[in-house]
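This note is addressed to a colleague who is beginning to read protein structures. Please keep the sequence and the model in view while going through the numbered points.

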Amino acid sequence: MQVQVHADDHVQGGESLAHWVQEEVGGKLSRFREHLTRVDVYLTDVDAIKSGGKGKRCVLETRPAGRQPLAVNAEAEKVAQAFSGALEKLQHALETDLAKMRDKNNRESIRLAATDEE
């Protein structure tokens, strides 16, 4: 699973922030590793133009293998809070998405098999 971090010019942290984000994503999403090809992390300051702005946004977009991309976002006062909120949302979204691929007996869904044959 590849993790790419994109931060705008108003988000401080540089390489240390990118390394921390990559470690957190790798750890929190490790159980989904075989299902994901890539995770893109976008960190932005939504109030950068305004003085005294406090809005930070984190958007996480995943590329599940053979499935449509999933994206979540969260806003908070600090980058770390926005990132943690978005990561939690992403975990829930991935659980839901993977559950749709399985039936109640933990077998692949007929819907998934039909899309694979096309």
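The points below move from the whole chain to the sheet, then to the helices, and finally to two single residues.

1. Overall composition. The structure under review is a predicted model. Its protein chain contains 3 helices and 4 strands. Followed along the sequence, these elements occur in the pattern β-α-β-β-β-α-α. Of the 118 residues in the chain, 33% are buried. Among contacts in the chain with a separation of 6 or more, 49% are between residues 24 or more positions apart.

2. The sheet. In what order do the strands lie in the open sheet? The order is 1-2-3-4, and the pairing is mixed. Strand 1 (2–7) and strand 4 (70–76) are the edge strands, each of them pairing on one side only. From one strand to the next, the twist averages 15°. As background, the strands of a sheet pair through backbone hydrogen bonds, in either a parallel or an antiparallel manner.

3. Strand 2 with strand 3. These two strands run antiparallel and are joined by 9 bridges. The student may locate one position in this pairing by finding D45, which stands opposite K56 in strand 3.

4. Strand 3 with strand 4. Strand 3 (residues 56–64) is also antiparallel to strand 4, with 7 bridges between them. Two positions may be checked in the model: C58 stands opposite A74 in strand 4, and R57 has E75 as its bridge partner in that strand. The two strands form a hairpin with 5 residues between them. In the turn, G66 has a positive phi of about 75°.

5. Helix 2 on the sheet. Helix 2 (residues 79–100) lies across strand 2 (36–45), strand 3 and strand 4. Its direction is at about 150° to strand 4.

6. Helix 1 with helix 2. How far apart are the axes of helix 1 and helix 2? Helix 1 (residues 14–28) packs with helix 2 at an angle of about 25°, and the axes are 11 Å apart. Angles under 35 degrees count as roughly parallel, and the two helices are therefore roughly parallel to each other. The crossing of helix 1 past helix 2 is right-handed. Helix 1 contributes L17, W20, V21, E24, V25 and K28 to the contact, while helix 2 contributes V79, A80, F83, L87 and Q91. Sorted by class, the contact comprises 8 nonpolar, 1 polar and 2 charged residues.

7. Residue T62. T62 is placed in strand 3. Is T62 buried or exposed? Its relative accessible area is 0%, so T62 is buried. When neighbours within four places in sequence are left aside, T62 is in contact with L36, R38, V39, P69, L70, L90 and L94.

8. Residue A86. A86 belongs to helix 2. Because its relative accessible area is 0%, A86 counts as buried. Apart from neighbours within four places in sequence, the contacts of A86 are C58, L60, V72, N73 and A74. A further pair is worth locating in the model: A86 and V59 are 27 residues apart in sequence, yet 6.7 Å apart in space, C-alpha to C-alpha.

Key. Residues numbered from 1 in each chain as written. Predicted model: local features only at pLDDT ≥ 70, side-chain atom pairs only at ≥ 80, totals over all residues. Heavy atoms only, no water. Pairing = 2+ DSSP bridges. Axes fitted to C-alpha atoms, helices over the stretch in contact; angles between N-to-C directions. Contact = heavy atoms within 4.5 Å. Parallel < 35°, antiparallel > 145°, perpendicular 65-115°, else oblique. Left-handed = near helix turned anticlockwise from the far one by under 90°. Nonpolar A, V, L, I, M, F, W, Y, C, P; charged D, E, K, R; others polar. Buried < 20%, exposed > 50% of the residue type's maximum accessible area, 1.4 Å probe, protein only.
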